[in-house]
Amino acid sequence: MKTREQWIELKNNLNIENRAYINGEYSSAMGGDTLDVINPATNETITQIARCQSEDVDLAVKCARQAFQQGLWSNRSPAQRKAVLNQFANLIESHREELALLETLDTGKPIAHSFSTDIPGAANTLRWYAEAIDKVYGEVAPTEKDVHAFISHQAIGVVAAIVPWNFPLWLACWKLGPALAAGNSVILKPSEKSSLTAIYLGQLASQAGLPNGVFQVVTGFGHEAGDALAKHQDVDCIAFTGSTRIAGQLMISAGESNLKRVFAEAGGKNANIVFEDCDDLDRAAAETAAGCFYNQGEVCVAATRLLVHESIKDRFVDKVISAAQAFMPKDPLDTESSMGALIDQEHKAKVLDYIALGQAEGAVLRCGGDVTGVGAFVEPTILDNVDNKMRVAQEEIFGPVLCVIPFKDEAQAIAIANDSKYGLGAALWSSNINRVHRVAKQLEAGSVWVNNYNEGDMTVPFGGFKMSGNGRDKSLHAIEKFTETKTTWIRLHP
Ligand code: NAD
């Protein structure tokens, strides 16, 4: 990987594209409006991106529909789509440095993470679906003798992928991979806070061989471009990752327009339960800290609620405090940085308000808090003796704040873990196999990790119970969202 000085040199020579990508070419918003892109680590303005409105969305949807109906992509064989998507993944890999740098400048996340995890993760996702799509079969129904009935899955049409700012390119590819592989036309609407890598993707898509209109990028605000997509009569499906509040709004918009399918990956307030019979507390502490502080805590499945048995609580929290030191914020372009800046000043203020609120509610601040200076930095923060009823334990802070909640026995741990409107992820640490199965079964979460926090790869589905969303990203299950299921019933005459 490059040194900090080399990253800065690349930054100084970077020609940043800032327009939307519609029908195979870059274009400004029709209204000519733009919005500023700020580097949250330095407060410098990086560029101004197109502020698209409903007329830009109308054009993108029209092009997407045309491409779909012409069958330029949707009627290609799965093997042909696979070849193009593999090439798309190759191009992301060969432009890894520029993409990693854009991701870090735009979001404040450490360059080491953008370069080693986010961008390769995005390419790997596209490749996984490229390789999967020509191995998916339909079904033949077990009907009576004179009937042949089969069940097939066909592309749904025009998909809008609306994604957040915490893993901009990677999470976009969680939608693009299965949606494009299945033959849909996709319009990507990145967060207004992190659009640069999505924009960059436009030219790579065309270079890879995706026909015009099959992959487009519409930039701008959620309440403008995003809302126009959500209410559009000719969008068939919204694949959303973001907050629970906006997920609800999208469902209303779908209900009030054309009943488009809405699949939402939303918020989380995840319980990480450490039992007294955990046989490796050092490892549990290290993974607890990483689980909560990785990506500045801006992770939907962050391990934000640490439920720890009262008999080991003090000893364990001391270990977590020392593990948290590995996440002291640094310049994101410093290759040693493992914690960068939060997404913007507004979000930093919100996180600091929650830290103050937790203390006002009775929690004890064990470490962390504000970092003074221009950037949006906050230290890894631990609030001890939190009660699960407190707002800091119930609401998603989406920053580097760990709430420690002691418990007395297994039943209480499960009750506390499930006492949340969210149900995205949960973990438990125990060396007792009976307890592992007993507890894992009762946790209301889409992913349960045992003796690890947040491991997984493309082979497993990801998504939430309750208000953490519906549908699943990753694995073959994700393809279901982007296809219609069709029954064909044929009466056979003798
Ligand atoms: P957000 O809901 O504010 O925005 C997400 C996207 O929706 C953005 O592109 C935004 O522009 C768009 N949007 C906003 N208002 C809209 C509207 N009225 N109509 C249409 N689109 C609109 O979320 P955020 O702040 O960008 O991201 C943080 C949230 O994302 C957290 O709640 C986090 O838990 C969640 N998240 C969930 C997952 C998951 O897989 N479950 C993963 C990452 C992030």
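Student: In which sense do strand S3 and strand S4 pair, and over how many bridges?

Tutor: Strands of a sheet pair through backbone hydrogen bonds, either parallel or antiparallel. In this predicted model, strand S3 (residues 34-38) and strand S4 (residues 45-50) are antiparallel partners, joined over five bridges. One pair to inspect is Val-37, whose bridge partner in S4 is Thr-47. The two strands form a hairpin with six residues between them. Within that turn, Asn-43 has a positive phi of about 70 degrees.

Student: Which residues outside that hairpin have a positive phi without being glycine?

Tutor: Most residues other than glycine have a negative phi, and most peptide bonds are trans. Phe-398 has a positive phi, near 60 degrees, and lies in the loop between helix H13 (391-394) and strand S16 (401-407). For Asn-451 the positive phi is about 55 degrees; its place is the loop between strand S19 (447-450) and strand S20 (465-466).

Student: Are Phe-398 and Asn-451 buried or exposed?

Tutor: Buried means a relative accessible area under 20%. Phe-398 is buried because its value is 15%, whereas Asn-451, at 32%, is partly exposed.

Student: In what order do the strands of the open sheet containing S5 lie?

Tutor: The order is S5-S6-S21, three strands with antiparallel pairing. Strand S5 (139-140) and strand S21 (483-491) are the edge strands, since each pairs on one side only. Two bridges join S5 to strand S6 (residues 147-155), and Val-140 stands opposite Phe-150 in S6.

Student: How should the length of helix H3 be checked?

Tutor: The rise per residue supplies the test. Helix H3 (residues 78-94) has 17 residues, so at 1.5 Å a residue it should span 24 Å; the end C-alpha atoms are 24 Å apart, which agrees.

Student: Which residues of H3 are buried, and what covers them?

Tutor: An α-helix has 3.6 residues a turn, so residues three or four places apart point the same way. The buried residues of H3 include Arg-81, Val-84, Leu-85, Phe-88 and Ile-92. Arg-81 is joined on that list by another basic side chain, Lys-82. Among the elements covering the buried residues are helix H4 (96-107), helix H5 (111-133), helix H6 (168-181) and helix H7 (196-208).

Student: At what angle do the axes of H4 and H7 cross?

Tutor: They cross at roughly 155 degrees and come within 8 Å. That angle makes H4 roughly antiparallel to H7, because the term applies to angles over 145 degrees. On the H4 side, Glu-98, Leu-99, Leu-102, Glu-103 and Asp-106 take part; they meet Leu-196, Thr-197, Tyr-200 and Leu-204 of H7.

Student: Where is Ser-195, and what does it contact?

Tutor: Ser-195 is found in the loop between strand S8 (185-189) and H7. Its relative accessible area is 2%, so Ser-195 is buried. Leaving aside neighbours within four places in sequence, its contacts are Ile-49, Asp-106, Pro-190 and Thr-219.

Student: Which residue does UniProt list for "active site"?

Tutor: The unreviewed UniProt entry lists Glu-265. In the model, Glu-265 lies in strand S11 (residues 261-265) and is buried, as its relative accessible area is 5%.

Student: Which residues does the annotation "domain: Aldehyde dehydrogenase" cover?

Tutor: According to the unreviewed UniProt entry, it covers residues 33-487. Over that range the chain is 40% helix and 20% strand, with the end C-alpha atoms 47 Å apart.

Definitions and conventions:
Residues are numbered from 1 along each chain as its sequence is written. This is a predicted model: local features need pLDDT of at least 70, side-chain atom pairs count only at pLDDT 80 or more; totals for chains, interfaces and linings use all residues. Side-chain values use heavy atoms; hydrogens and water are left out. UniProt positions are given in the numbering used here, feature names are shortened, and annotations may be inferred rather than shown by experiment. Helices (H or I, at least four residues) and strands (E, at least two) are DSSP runs, numbered from the N terminus. Buried means under 20% relative accessible area, exposed over 50%, partly exposed in between (1.4 Å probe, protein chains only). Two strands pair if DSSP finds at least two bridges between them. The expected span of a helix is 1.5 Å times one less than its number of residues. Contact means heavy atoms within 4.5 Å. Axes are lines fitted to C-alpha atoms, for helices over the stretch in contact, and angles run from 0 to 180 degrees between N-to-C directions. Angles under 35 degrees count as roughly parallel, over 145 as roughly antiparallel, 65 to 115 as roughly perpendicular and the rest as oblique.
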